[in-house]
Amino acid sequence: MEIIKVNKQIRHHIWVKLSCEHCGEIVDDACGLNNPEYFFQIIPDMECPRCKKKADGPKFFKTQMEMISWLKTIIGDCNA
Ligand SMILES: [Zn+2]
């Protein structure tokens with residue numbers, strides 16, 4: 001699964017909208033911890049409830065700046 005939107009963020013917890021890379025299934029309001037492990041290990045390793053597949057691997061970033069700008073994109077949606 002991959003994050004497509006951050007719904008809510010309270011202290012160390014985060015509520016996200018996930019989408020499956022394989023079948024497009026949407027999981028709204030999955031709750032997790034707001035830390036890199038959740039973003040880059042737990043979510044990619046999550047099984048899709050519909051097709052039961054996992055992501056092919058964590059979202060890959062060439063540089064840390066690229067990762068930060070991606071995080072800003074999804075977290076930016078939270079305040080929209
Ligand atoms: Zn799926």
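Q: Strands here are DSSP runs of E (at least two residues), helices runs of H or I (at least four), both numbered from the N terminus. How many of each does the protein chain have?
A: The chain has 2 helices and 3 strands. This is a predicted model, in which local features need pLDDT of at least 70 and side-chain atom pairs 80 or more, while totals for chains, interfaces and linings use all residues. Residue numbers start from 1 along each chain as its sequence is written.

Q: What's the order along the sequence?
A: The pattern reads β-β-β-α-α.

Q: And how are the strands arranged in the sheet?
A: The sheet is open, with its 3 strands in the order E1-E2-E3 and antiparallel pairing. Two strands pair if DSSP finds at least two bridges between them.

Q: Which strands are at the edges?
A: E1 (2-10) and E3 (26-33). Each has a single partner strand, so one side of each has no neighbour in the sheet.

Q: How many bridges join E1 to E2?
A: There are 7 bridges between E1 and E2, and the two strands run antiparallel. If you want a register to look at in the model, Lys5 has Lys17 in E2 as its bridge partner.

Q: What about E2 and E3, how many bridges there?
A: E2, which covers residues 13-19, pairs with E3 over 6 bridges, also in the antiparallel sense.

Q: Which E3 residues do His13 and Trp15 stand opposite?
A: His13 stands opposite Leu33 in E3. For Trp15, the residue opposite in E3 is Cys31.

Q: How many residues sit between the strands in the E1–E2 hairpin?
A: 2 residues separate E1 and E2. Arg11 is in that turn. Its phi is near 50 degrees, which is positive in a residue other than glycine.

Q: And between E2 and E3?
A: That hairpin has 6 residues between its strands, and Gly24 in the turn has a positive phi of about 85 degrees.

Q: Back to Arg11: why does it count as exposed?
A: Arg11 counts as exposed because it has 7 C-beta neighbours inside 10 Å. With C-beta atoms placed from the backbone, 20 or more others within 10 Å means buried, 12 or fewer exposed, and in between partly exposed.

Q: Where is Asp29, and what is its phi?
A: Asp29 lies in strand E3. Its phi is near 60 degrees, again a positive value in a residue other than glycine. Asp29 has 10 C-beta neighbours inside 10 Å, so it counts as exposed.

Q: Which side chains of E2 are buried, and which are not?
A: They alternate along the strand. Ile14, Val16 and Leu18 point to one face and are buried. His13, Trp15, Lys17 and Ser19 point to the other face and are not buried.

Q: How much of the chain is buried overall?
A: Buried residues are 10% of the 80 residues.

Q: What's in the largest nonpolar core?
A: It has 8 residues: Met1, Ile3, Ile14, Val16, Leu18, Cys20, Phe39 and Ile43. E2 contributes the largest share of this core, 3 residues. Such a core is a set of buried Ala, Val, Leu, Ile, Met, Phe, Trp, Tyr and Cys residues joined through C-beta atoms within 7 Å.

Q: Take Ile3: which residues is it in contact with, leaving aside neighbours within four places in sequence?
A: Ile3 is in contact (C-beta atoms, placed from the backbone, within 7 Å) with Val16, Leu18, Ile43 and Ile74.

Q: What share of the chain's contacts join residues at least 24 apart?
A: 40%, counted among contacts between residues at least 6 apart in sequence.

Note on methods: Contact = placed C-beta atoms within 7 Å.
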